[in-house]
Amino acid sequence: MANDGPVEHGYPHLETVRAAITALYKRLSYDTVRTYPTSVLPVDVAFCDSDDLYLGAQRVAHELVRHYRLPDARLVVSFREMRHAASVELAAGPEYFVELNDRFRDHRRDIGAALAHEVMHVYLHRLGLSFAGVRDNEILTDTAATYLGAGWLLLDAYREDGASSQKLGYLTPEEFGYVLAKRALLFGEDPSVWFTSAQAFTAYVKGMELARRDGEQPPLTAAGWAGRRRYARDRRHAPAGPPQPGVRYAFSPDGGGRLRVSFPCPTCHQRIRVPVRGRVRARCALCRSVLECDT
């Protein structure tokens with residue numbers, strides 16, 4: 001939790017974020033991911049100053065448990081002085097103890113954001129899905145919460161001005177915006193209408209720009225002129241050397257000596273390998289996206 005401190009920007013964790021999306025599809029399957037078409041709605045996690053602190057926190061926690069479909073999980077929420085925004089005790093269940101930073105006693109509208117992350121920890125714990133290392137595992141948790149419809153709360157908790165700042169989660173604001181954009185492109189949902197933070201909206205717009213560029217990389221037919229020209233040059237010299245910096249496709253011969261190109265799916269980032277033979281329609285086996293390619 002960045003509290004009146006510097007907020008990191010940009011995309012320093014982008015490859016881990018992309019790996020997290022791939023891991024989510026692999027562990028859950030396409031069919032399960034598609035059962036989360038609607039995000040948590042603001043009205044369901046609203047928290048006003050007149051609400052009882054503990055009853056309100058339990059209500060919001062219950063709503064997030066319902067959204068993630070953990071019906072037999074019970075969360076007990078408490079508050080204490082701590083360095084981080086929140087923590088959860090990952091035991092066998094069905095009861096889980098969540099502690100929130102004391103500052104949320106006075107910043108109640110952000111309780112939903114903190115709980116979105118902690119309840120996702122429980123969800124991933126039950127799935128048996130984790131990344132090695134604390135940092136990467138926290139990035140996985142933020143990514144999964146966002147992709148499955150609760151992470152817009154985390155981005156909306158980001159506020160920054162000349163005198164103060166606040167950000168929850170391990171992703172940068174732009175990375176949260178990127179994952180939200182990937183979700184929006186998948187489900188046709190516009191989370192920007194729920195933002196109360198102007199900075200969150202700006203980060204989402206930047207993330208959407210990068211998410212759209214994922215679908216405009218060669219050998220996809222939506223690639224721009226410069227990308228297509230570079231791809232044609234690399235294809236002429238393939239597979240003589242390693243991929244060039246900044247290029248996500250790679251050429252290699254198949255068993256018969258024919259050239260193939262591999263590239264990440266713009267939806268789930270699973271690598272797809274297709275023959276180099278002009279126009280090709282590829283179908284991602286993981287997320288079932290159908291991709292028009294010019295190889």
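Where is the place of P219? P219 sits in the loop between α8 (198-214) and α9 (225-237). Helices here are DSSP runs of H or I with at least four residues, strands are runs of E with at least two, and both are numbered from the N terminus. The model is a predicted one, so local features need pLDDT of at least 70 and side-chain atom pairs count only at pLDDT 80 or more, while totals for chains, interfaces and linings use all residues. Residues are numbered from 1 along each chain as its sequence is written, and side-chain values use heavy atoms, with hydrogens and water left out.

Back to that loop: the peptide bond running from P218 to P219 is cis, with omega near 10°. For background, most peptide bonds are trans, and most residues other than glycine have a negative phi. Two residues go against the phi habit. S29, in the loop between α1 (14-28) and α2 (30-33), has a positive phi near 90° without being a glycine. H269, also not a glycine, has a positive phi of about 70° and lies in the loop between β8 and β9 (271-275).

How covered are these two? Buried means under 20% relative accessible area, exposed means over 50%, and partly exposed is in between (1.4 Å probe, protein chains only). With a relative accessible area of 30%, S29 is therefore partly exposed, whereas H269, at 8%, is buried.

Next comes helix α7, residues 173-187. The expected span of a helix is 1.5 Å times one less than its number of residues. The 15 residues of α7 should therefore span 21 Å, and the end C-alpha atoms are indeed 21 Å apart, which agrees. This helix is mostly covered, with 13 of its 15 residues buried. Right after α7 comes G188, whose phi is positive, near 70°.

Finally, two buried residues can be set side by side. A114 belongs to helix α4 (residues 111-127) and counts as buried because its relative accessibility is 4%. Contact means heavy atoms within 4.5 Å. Setting aside neighbours within four places in sequence, A114 is in contact with A86, L100, F104 and L168. D254 lies in the loop between β7 (250-253) and β8 (259-264), and its relative accessible area of 17% is why D254 is buried too. Not counting residues up to four places away in sequence, D254 touches R260 and R273. A114 and D254 are 140 residues apart in sequence, and their C-alpha atoms are 48 Å apart in space.
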